[in-house]
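Notebook open, structure loaded. I am jotting down what I looked up, one topic at a time.

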Amino acid sequence: MTCAELKEQVGALAAGALEPAERQACEQHLASNIPHDGCAEALRLANEAAALIGAALPPIEPGPQLWRAIEAQLAPRRVVEPSAPSWSERIRWLVVGFAVASLAGLVFSLSAHDPRIALMAQIAQLQRQVLSLQGTTASCQHDLESARADLGAQHDALAMLQLTATAVIALAPQAGAEKMRASAIYNPQQGHAMVVASGLMPHDGKDYELWVIRGKDKLRAGVFHGDASGALIARVDPKLLAKGAPDAFAFTLEPAGGGDSPRGPIMLVGALSKG
């Protein structure tokens, strides 16, 4: 195996997609005592990209309603023997009971004279229940659609990483972004690129903006608002790559919503090798 052949397979090696014989050949080449043409560096970049892809799908935190439902199903049925209430507790419950009974009597009295009052109360209660269920359903649907999109992007990035012509470009963190990590995965044959990143934490009034750089042109490739996970996986619009390989990819930190040209500081930047 030559160095060029190894570098064509490092993506699949990092993704664990090689057959045992192919993996063994790669490992033997890496261990061989010969002058290597960037083999270790290519494998390091591929391993970093694979790790970022794996971390780019943050787990979904189930809502409190789901946990309460699970707990209700799993909790053992226990019979608790009530203790004898004190005199102060008896008096308090007598007062509360009298108030509740009086209120119930008033509602019953009004309802007896006008059944519409009871019907309106029932309708209002049903409306509140419907609104609550609609809110829960919408939230669950949004989480599900978001998870599906992230999972699809993760699958595509892994698939692209395994292609022989794919290049992995590390985006180096700049001043103030030391905890950020990012890689661009670019396949010139398909004209596709994706970026994966970690550590993109939220900033008040700020968004991260991705740029495809070609010569003096800085092409807007996406605006992203960081979240608590700091993870990001995104596709680059193929139209931005239609003229061939770009010179670099970069992230800047911009005012909320970004803009058509970079104004904020560069956080991450990586240039494509022209060799």
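**Sheet.** I started with the strands. I find an open sheet of eight, paired antiparallel, in the order β5-β4-β7-β8-β1-β2-β3-β6. The edges are β5 (217-224) and β6 (232-236), each of which pairs on one side only. From one strand to the next the twist averages 25°.

I then checked how β4 and β5 are joined. Strand β4 covers residues 206-214, and seven bridges tie it to β5, the two running antiparallel. For one register point I took Leu210, whose bridge partner in β5 is Gly222.

**Confidence.** A reminder to myself that this is a predicted model. The chain has a mean pLDDT of 78, with 64% of its residues at 70 or more. Where is confidence lowest, and where highest? Helix α5 (residues 87-113) is at the bottom with a mean of 53, and strand β7 (residues 248-255) is at the top with 96.

**Cores.** Next I looked at the nonpolar packing. The largest core has 27 residues, and the members that touch the most others are Leu171, Leu200, Val236, Phe249, Phe251 and Leu268. Every one of β1, β2, β3 (192-198), β4, β5, β6, β7 and β8 (266-271) supplies at least two residues of this core. I noted a second core apart from this one, with 26 residues, among them Ala12, Leu52, Leu161 and Val196.

I went back to Phe249 to list what it touches. Leaving out residues up to four places away in sequence, I get Ile169, Leu171, Ala184, Ala193, Trp211, Val212, Val236, Leu268, Val269, Gly270 and Leu272. The general pattern for soluble globular proteins is that nonpolar side chains tend to be buried together.

**Val10.** This residue sits in helix α1. Buried or exposed? Val10 has a relative accessible area of 7%, under the 20% cut-off, so I put it down as buried. Its contacts, not counting residues up to four places away, are Ala42, Leu43 and Ala46. I also took the C-alpha distance from Val10 to Ala46, which is 6.3 Å, with their positions 36 residues apart in sequence.

**Gln174.** I wanted a loop residue as well. Gln174 lies in the loop between β1 (167-173) and β2 (181-187). Its relative accessible area is 29%, so Gln174 goes down as partly exposed. Which residues does Gln174 contact, its neighbours within four places aside? I find Ile266, Met267, Leu268 and Val269. Val269 is 95 residues from Gln174 in sequence, yet 7.7 Å from it in space, C-alpha to C-alpha.

**Salt bridges.** The count comes to seven. I wrote up three of them.

Asp37 pairs with Lys7, and their closest N and O atoms are 3.5 Å apart. This pair links distant parts of the chain, 30 residues apart: Asp37 is in the loop between α2 (20-31) and α3 (39-55), and Lys7 is in helix α1 (residues 3-14). Asp37 is exposed at 52% relative accessibility, while Lys7 is partly exposed at 31%.

Glu41 and Arg44 form another, at 2.5 Å from N to O. Both are in helix α3, three residues apart, which is about one turn of the helix. I have Glu41 as partly exposed at 39%, and Arg44 as partly exposed at 37%.

Asp156 and Arg235 form a salt bridge too, again noted at 2.5 Å from N to O. Here the link is between distant parts of the chain, with Asp156 in helix α6 (residues 115-161) and Arg235 in strand β6, 79 residues apart. Asp156 is partly exposed, with a relative accessible area of 31%, and Arg235 is partly exposed at 45%.

Last check was for shared partners. Glu41, Arg44 and Glu48 are joined into one network by salt bridges that share partners.

Terms used
Residues numbered from 1 in each chain as written. Predicted model: local features only at pLDDT ≥ 70, side-chain atom pairs only at ≥ 80, totals over all residues. Heavy atoms only, no water. pLDDT = per-residue confidence, 0-100. Helix = DSSP H or I, 4+ residues; strand = E, 2+ residues; numbered from the N terminus. Buried < 20%, exposed > 50% of the residue type's maximum accessible area, 1.4 Å probe, protein only. Contact = heavy atoms within 4.5 Å. Pairing = 2+ DSSP bridges. Axes fitted to C-alpha atoms, helices over the stretch in contact; angles between N-to-C directions. Core = buried A, V, L, I, M, F, W, Y, C linked by side-chain atoms within 4.5 Å. Salt bridge = Lys/Arg side-chain N within 4 Å of Asp/Glu carboxyl O.
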